[in-house]
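Welcome! Let us take a friendly walk along the place where two protein chains come together.

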Number of protein chains: 2
Amino acid sequence: MAASPGRDQAQHGDFRVIAQHLRDAIAAREYVPGDKLPSERDLATTHRVARNTAREAIAQLRKEGLVTAEHGRGVFVRAKPRWMRFGRRRYSAAMRTFNGLGPFGAEAAAQGRTPHVDCTSITRIKAPAEVASRLSISTDTDVVRRENWYFADGEPVQKGVTFAPWTIVEGTPVADSADMGPKGIYGQFSACGHAITYIREEISARMPTSTEADRLKIPDGVPVIDLWHTGIDANRQPFEVTHFIMRADFAALDYDMPVED
Amino acid sequence: MAASPGRDQAQHGDFRVIAQHLRDAIAAREYVPGDKLPSERDLATTHRVARNTAREAIAQLRKEGLVTAEHGRGVFVRAKPRWMRFGRRRYSAAMRTFNGLGPFGAEAAAQGRTPHVDCTSITRIKAPAEVASRLSISTDTDVVRRENWYFADGEPVQKGVTFAPWTIVEGTPVADSADMGPKGIYGQFSACGHAITYIREEISARMPTSTEADRLKIPDGVPVIDLWHTGIDANRQPFEVTHFIMRADFAALDYDMPVED
DNA sequence: CAGTGGTCTAGACCACTCA
DNA sequence: GAGTGGTCTAGACCACTGT
């Protein structure tokens, strides 16, 4: 040890010590959200380690979602996420009557944000397996596939891909138009005999793929919520499936429900 | 460039190329779940880069949750997570009658896993703010705090901290005993006039803190589901709050519910 | 321009696993 | 003991941001 030039001890876990120092300082509000941390080079000299070691400490905090690095600017304490909450009532008729943005727009507007939805593609395909099983149809059946990207205050928040049997949507705007009219897509379904009455929501969380991180501009250390939503009508028939990928620093889910029907 | 010894080109994004090679190979099932990837030193030599660069490529895949590194053994393609699903009916009376493990045990058993719950502490404290607001009580009010750790097949899966007003649980096993009897904790609540009738579940996802990662043995690239559960009785009075931290590679949530009451 | 994070090199020793 | 990942060094140049 004493032989190694310029150093004396420490080898294992140096970066953990630095990381913990920074965590503590953040917890003690020596750095508040938005503040810039010392540069990697500064950390290295003050802790008497190589820059890479200081950098590794920063990498830990990034993985935990505590800080965000900005190339050329510095490393900043991340602002506490301001979650947008989605609940089952976003599908209720009352939420739809005053705008044409659908459940997302209604929730976003109710929470003081400016929503924007971009429908990037509408195609007709064979039902993928995950869709077919939820709609109780075969994978030979044609479905419409509508891909939507959702923004709040200009920031990308989530992606949603909606599928519905072609036989149901044929001839309606759902099959070929981005504009769903004043009552949104569920107004259209309702008009053809499928009023959304029950929903099923299957929720999991995972890290984004590199593609998702790109498209949704997801910072380091932020997972996605992966949600399969199924719309079910009054006859208990599923008529629509949407696969949402939501930034977990923006979206939260909030359900209240009876324990039994 | 040509001046640097032993190399010729490439500087930017080398590790991304390597990472993409590996991703593609995994997608093409050249490596299947459980397989060992080439060692960092092998990757370095075959791609003609320094070991740190190969290592960075691996780090990317770890962040995405695609692979897991095991010290001294190698880097392995992660097995597809086998999620355990939790739904609203885990709180129904029917799920409780055949065992004393509560909602978790019932779900785990139903899914062919061996559940185990470890109640690590039972204390009496002033209600924390997050609890008080959900129970509609003040932060001066005493509550019981019960900390539980949940295991499936011996692996730690989630942590749950339950709070309930002291005035409700006083004199019952909920206040001081790990053993909740054959009908579980909700049987106890039911016996003192608070049958669970509605629930509210507030769901978000984030990366684990370093403490959580330790205690739940969470591998790299796996987020946690952070869930606040509120139990509400037939009179619409909230009587119990539980804060769950779940490993997102084990737990998924699955709710079916009416859009309106 | 100076200062920042991003990437890379070519080594080194440590800690762990397994034959 | 051989092979693996984990950590560290002391440099280097690139890409980006701001003055």
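The paragraphs below follow the interface from its overall extent down to single residues.

Please keep in mind that this is a predicted model. A good place to begin is the meeting of the two chains: 39 residues of chain A are in contact with 39 residues of chain B. Together the chains bury an area of about 3600 Å² between them, and carbon and sulfur atoms give 55% of that area.

What holds charged groups face to face here? Between chain A and chain B, the count of salt bridges is 6. In one salt bridge, the side chain of Lys63(A) meets that of Asp220(B), with 3.5 Å from N to O. Polar contacts join in as well, with 13 residue pairs counted between the chains, both residues at pLDDT 80 or more.

Now look at the side of chain A that touches chain B. The elements giving two or more residues to this side are strand S7 (198-206) and strand S10 (251-258) of chain A. The largest share, 9 residues, comes from S7(A). Sorted by class, this side of chain A has 19 nonpolar, 15 charged and 5 polar residues.

The other strand, S10(A), leads us across to chain B. S10(A) pairs with strand S7 (residues 198-206) of chain B in the antiparallel sense, over 6 bridges. To find one of the pairings by eye, start at Pro258(A): its bridge partner in S7(B) is Tyr198(B).

Key. Residues are numbered from 1 along each chain as its sequence is written. Chains are lettered from A and ligands numbered from 1 in the order in which they are written. This is a predicted model: local features need pLDDT of at least 70, side-chain atom pairs count only at pLDDT 80 or more; totals for chains, interfaces and linings use all residues. Side-chain values use heavy atoms; hydrogens and water are left out. Contact means heavy atoms within 4.5 Å. Buried area is the accessible area (1.4 Å probe) that two parts lose on being put together, summed over both. A salt bridge is a side-chain nitrogen of Lys or Arg within 4 Å of a carboxyl oxygen of Asp or Glu. A polar contact is a pair of N or O atoms within 3.5 Å; within protein, one must be able to donate a hydrogen and the other to accept it, and residues adjacent in sequence count only if both atoms are side-chain atoms. Helices (H or I, at least four residues) and strands (E, at least two) are DSSP runs, numbered from the N terminus. Ala, Val, Leu, Ile, Met, Phe, Trp, Tyr, Cys and Pro count as nonpolar, Asp, Glu, Lys and Arg as charged, and the others, Gly among them, as polar. Two strands pair if DSSP finds at least two bridges between them.
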